[in-house]
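Me: I've got a fold open here and I'd like to talk it through with you. Can we take it one piece at a time?

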Amino acid sequence: MKKLGLSMVCAWVALFFLMGTASAKDTVVVYTSLENEEVVDYLELAKKELPDLDIQAIRLSTGELGARMLAEKDNPQADCIWGWAVTNTSEFVPKGMLVPYKPKGWDKIPDNFKDPKGYWTAIDLYAAAFVGNTKVLEKDGLSMAKSWKDLLKPGYKGKLIMPNPASSGTGFLQVASLLVMLDPDYKNKPVEKNMAWDFLKELDKNMGQYIKSGSKPAKLTAAGEYAVGCSFAFVYSSLKKKGFPVVMALPEEGAGFELEVNSLLKGAKHEKAAKKFLDWAISKNAMKGYAKFKLGVAYPGIPGPKGLPALDTIKLAPMDFPWQSENRAKILDVWTGLF
């Protein structure tokens, strides 16, 4: 009886061990700058389609993500990047902190949405937009700004809010787009001599606050604290659905935009799981998820969200990502010195 009892115990232990092994999940640690609302939505889909992965996503602002990566350079705590601005990501290629990886389905992504060597692959683009509060505008007798130049009108003094480009990807794309649009000779002169700085100095006179988040200008405007927030299009759509008194305009000069991209980190502790996640992150189903929020996604033929203009109807700014990435540090240095 004792021998039989011991055999039964051993059998149960073995069965428990096998069950535990079968149900164990592979961990992957993901850094992202996607908005919180997006991350929650996308992860719900990812966990259904990747049941064998324990996806630990850590959301950081654009600037914070880069700072953390640099601090962890010799001992990376994340395995991959998901949805980070391409102008930030590109800086980390020469630093030797990214590994080329062409995820499954990479050939379906258009060339202008991926690095030819596979250091990064874009999932979407987001565009700058002005979000106004209709009640505040009406109360103050203001018309909704349709262009950057409209924001210089005296009536807007103290009633504007904009993201700080040193911490926000949205803030950086707004400033970077102006540097290209307002100075045709931008490539042939030092960054600090760019004509756009004169415009930004004038804009600063009307600015009520610079804030580190790209979505907060729209949210604080929706709450009635400002007349117009320089933010991005998706946030307007979300606020409108929630019933806030908001209106949106895309800058007539051209809407600055940014690609959000994925990358594999050098020294990833869970490389196999990271690659599996990155494969999923450019899949058609994942792209359909992104399209609920973004103006455009990298996978061809998937329309953007209802309530926002179709991407092919929008005048986009002539972004120069290589120049903007190469000069990012100098752009931020000049910005910080001025504002």
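Me: Which strand does Val28 sit in?
Reply: Keep in mind that this is a predicted model. Going by the assigned elements, the strand that holds Val28 is E1.

Me: Is Val28 buried or exposed?
Reply: Buried takes a relative accessible area under 20%. Val28 comes in at 0%, so Val28 is buried.

Me: What is in contact with Val28, leaving aside neighbours within four places in sequence?
Reply: One of the residues it meets, Asp54, is 26 residues away in sequence but 6.2 Å away in space, C-alpha to C-alpha. The full set in contact with Val28 is Leu53, Asp54, Ile55, Gln56, Asp79, Cys80, Ala273, Ala274 and Phe277.

Me: And which residue is the bridge partner of Val28 in E2?
Reply: E1 (26–32) and E2 (53–59) run parallel, paired over 7 bridges. Within that pairing, Val28 is matched with Ile55.

Me: What is the hand of the crossover from E1 to E2?
Reply: The chain leaves E1, passes through H2 and arrives at E2. That β-α-β crossover is right-handed.

Me: Which residue in E3 stands opposite Val30?
Reply: E1 also pairs with E3, again in the parallel sense, over 3 bridges. In E3, the residue facing Val30 is Cys80.

Me: Why is E1 called largely enclosed by the rest of the structure?
Reply: A residue needs a relative accessible area under 20% to count as buried. E1 is largely enclosed because the buried residues number 5 of its 7.

Me: Let's switch to H9. How many of its residues are buried?
Reply: H9 spans 233–241, and its buried residues include Phe234, Val235 and Tyr236. The helix is largely enclosed by the rest of the structure, because the buried count is 7 of 9.

Me: Which elements do the buried residues of H9 pack against?
Reply: The residues doing the packing are Ala233, Phe234, Val235, Tyr236, Ser237, Ser238 and Leu239. Their packing partners are H2, E5 (121–133), H8 (216–222), E8 (228–232) and E9 (246–249).

Me: Now the largest pocket. What volume does it have, and which residues are closest to its centre?
Reply: The space in it comes to about 430 Å³. The lining has 31 residues, and those closest to the centre are Glu35, Arg59, Ser213, Gly214 and Ser215.

Me: Which element gives the largest share of that lining?
Reply: Elements supplying at least two residues each are H2, H3, E3, H6 and H9. The largest share is 4 residues, and it comes from H9.

Me: How does the lining of the largest pocket divide into nonpolar, polar and charged?
Reply: Glu35 and Arg59 are among the residues closest to the centre, and Glu and Arg count as charged. For the lining as a whole, the split is 8 nonpolar, 13 polar and 10 charged.

Me: How does the lining of the second largest pocket divide?
Reply: This pocket has a volume of about 240 Å³. It is lined by 18 residues, with Leu295, Gly296, Val297, Ile302 and Leu311 nearest its centre. The lining divides into 14 nonpolar, 3 polar and 1 charged.

Me: One last spot: what does Thr89 touch, not counting residues up to four places away in sequence?
Reply: Thr89 lies in H4 (86–89), and at 1% relative accessibility it counts as buried. The residues it touches are Trp84, Leu98, Trp120, Val261 and Ser263.

Methods
Residues are numbered from 1 along each chain as its sequence is written. This is a predicted model: local features need pLDDT of at least 70, side-chain atom pairs count only at pLDDT 80 or more; totals for chains, interfaces and linings use all residues. Side-chain values use heavy atoms; hydrogens and water are left out. On a 1 Å grid over the protein atoms alone, a cavity is a set of points where a 1.4 Å probe fits but cannot get out, and a pocket is an open set with protein on both sides within 12 Å along at least five of seven lines; lining residues have an atom within 4 Å of a point. Grid points are joined across faces, edges and corners, and a volume is the space filled by probe spheres set on the points. Buried means under 20% relative accessible area, exposed over 50%, partly exposed in between (1.4 Å probe, protein chains only). Contact means heavy atoms within 4.5 Å. Two strands pair if DSSP finds at least two bridges between them. A crossover is right-handed if, with the strands pointing away from the viewer, the path from the first strand over the helix to the second runs clockwise.
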